Amino acid sequence: MFEKIKLEDLSKENILAYGEFYKGELNSSSLEILSPLKEIAQTLNKKLILVSLIGSLENIKDWEEIKKSLADEVWFVINEELKDFREDLYTEVLVKIVKFSQPYGFFFPATKIGMSLAPRVAGALQVGLCAHVNNLEVKDNQIIMARPTYGENIIAKLISKSIPIMATISLGAFGIKYGEKEPSIKEIIFPEDFVWKSKLKIRRFAPSKKKPTKLSTAKVIVAGGRGLKNKETFQKLFELANLLGAEVGATRPVCYEGWVEEERMIGISGVTVRPKVYIGFGISGALQHTVGMENSEFIIAVNTDKEAPLVKIANLALIGDAGKILELLLKNLSK
Ligand SMILES: Cc1cc2nc3c(=O)[nH]c(=O)nc-3n(C[C@H](O)[C@H](O)[C@H](O)COP(=O)(O)OP(=O)(O)OC[C@H]3O[C@@H](n4cnc5c(N)ncnc54)[C@H](O)[C@@H]3O)c2cc1C
């Protein structure tokens, strides 16, 4: 179906991005990381290649997404044993690809799988790994990776001394962009004596009963912080979200207080979001929170303190009691 290519014939010094598949679907975070990587690849005059390990081509549901992606090429490794993610076998396969194709960089989305796989691959290759990068740029022909550090209080800029440069990229830090040219698709053929065996056996899948939040792709977000005072008032955000077709987000302290589940935390320890409209109720706007939402198109802050950092970066600020303003909004919108 596609051009088949042996490991030893893989092109070299490219930029690789890990394309994570789950049940035949390409995780959108893999498409997200292609956005900054495309710019980097173009600046450095290198090819951008999406590398995916899958059990079979038949199950792939996202051909359109793959064809529209920013990758110059897509490399598939296809084997029944790769149907489910198993760290040891996946690591071994990726390490082989790196050894033969000697990429300049290899980047992973910071998904659970990406965060498990990237350090294993980096460890096996004895190279450095920069975790949770939320910005990438090229200066003097070098890739500079930014990530929050020191209790997430400052942004550190890191340059890797080892090749391939490796990093995991924060979820939601970049939007998905599409390319104009279809990538060429290749299937990597492994040597016949390669052992497709994992020490891990999957006995059963127990899918989470909770529906995953759609925070990272939401167009409107209503988020709450300590200024909402208690769990009951916070819960009213869900009514507002219902009326606005929005998702509910939160700051870390209110998640830790148990007002809402941690999946809704926005910020450095949680999700990065970029909605069209973000409304923050009783949120101070600490750096650890704002790095996760500062790319929102329109920011509204509701706070009693007009000096609060979130008020300062907001496009519109409502100075007043967040609980009361929330109540008024609900009353008026439900009419
Ligand atoms: C390593 C580390 C990682 C972290 N990661 C995250 C993260 O991912 N996400 C995150 O959010 N935080 C994170 N934090 C915590 C972060 O530093 C802040 O403490 C947190 O964001 C503050 O949450 P808050 O705005 O709800 O509370 P506060 O900072 O206490 O702010 C409450 C705000 O409400 C206002 N207010 C008070 N009463 C009212 C009222 N009646 N009406 C309206 N406004 C009112 C106040 O003026 C204030 O501005 C992290 C901290 C560390 C050290």
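**Exercise 1.** State which elements cover the buried residues of helix H9, and work out how those residues are arranged around the helix.

*Solution.*
Step 1. Helix H5 (231–244), strand E16 (277–281) and strand E17 are among the elements that cover the buried residues of H9. Helices (H or I, at least four residues) and strands (E, at least two) are DSSP runs, numbered from the N terminus. Two residues are in contact if their C-beta atoms, placed from the backbone, lie within 7 Å.

The model is predicted: local features need pLDDT of at least 70, side-chain atom pairs count only at pLDDT 80 or more, and totals for chains, interfaces and linings use all residues. Residues are numbered from 1 along each chain as its sequence is written.

Step 2. The buried residues in H9 are Ala322, Gly323, Leu326 and Leu329. A residue is buried if 20 or more other C-beta atoms lie within 10 Å of its own, exposed if 12 or fewer, and partly exposed in between, with C-beta atoms placed from the backbone.

Step 3. These buried residues are on the same side of H9, because they cover an arc of only 125 degrees around the axis. The arc is that of the directions from the helix axis to the C-beta atoms.

Step 4. Lys324, Leu328, Lys331 and Asn332 are exposed on the other side of H9.

**Exercise 2.** Check the span of helix H9 (residues 322–334) against its number of residues.

*Solution.*
Step 1. The expected span of a helix is 1.5 Å times one less than its number of residues.
Step 2. H9 has 13 residues, so it should span 18 Å.
Step 3. The end C-alpha atoms of H9 are 18 Å apart, which agrees.

**Exercise 3.** Describe the shell around the ligand by its residues and classes.

*Solution.*
Step 1. Of the 28 residues around the ligand, Gly225, Gly227, Thr251, Gly267 and Ser284 come nearest. A residue is near a molecule or strand if its C-beta atom, placed from the backbone, lies within 6 Å of it.
Step 2. Helix H6 (252–256), helix H7 (287–290) and strand E17 (298–303) each supply at least two residues of the shell. H6 gives the largest share, three residues.
Step 3. By class, the shell has ten nonpolar, 13 polar and five charged residues. Ala, Val, Leu, Ile, Met, Phe, Trp, Tyr, Cys and Pro count as nonpolar, Asp, Glu, Lys and Arg as charged, and the others, Gly among them, as polar.

**Exercise 4.** Decide whether asparagine 45 is buried or exposed.

*Solution.*
Step 1. Asparagine 45 lies in the loop between helix H1 (28–44) and strand E5 (48–54).
Step 2. Asparagine 45 has 8 other C-beta atoms within 10 Å, so it is exposed.
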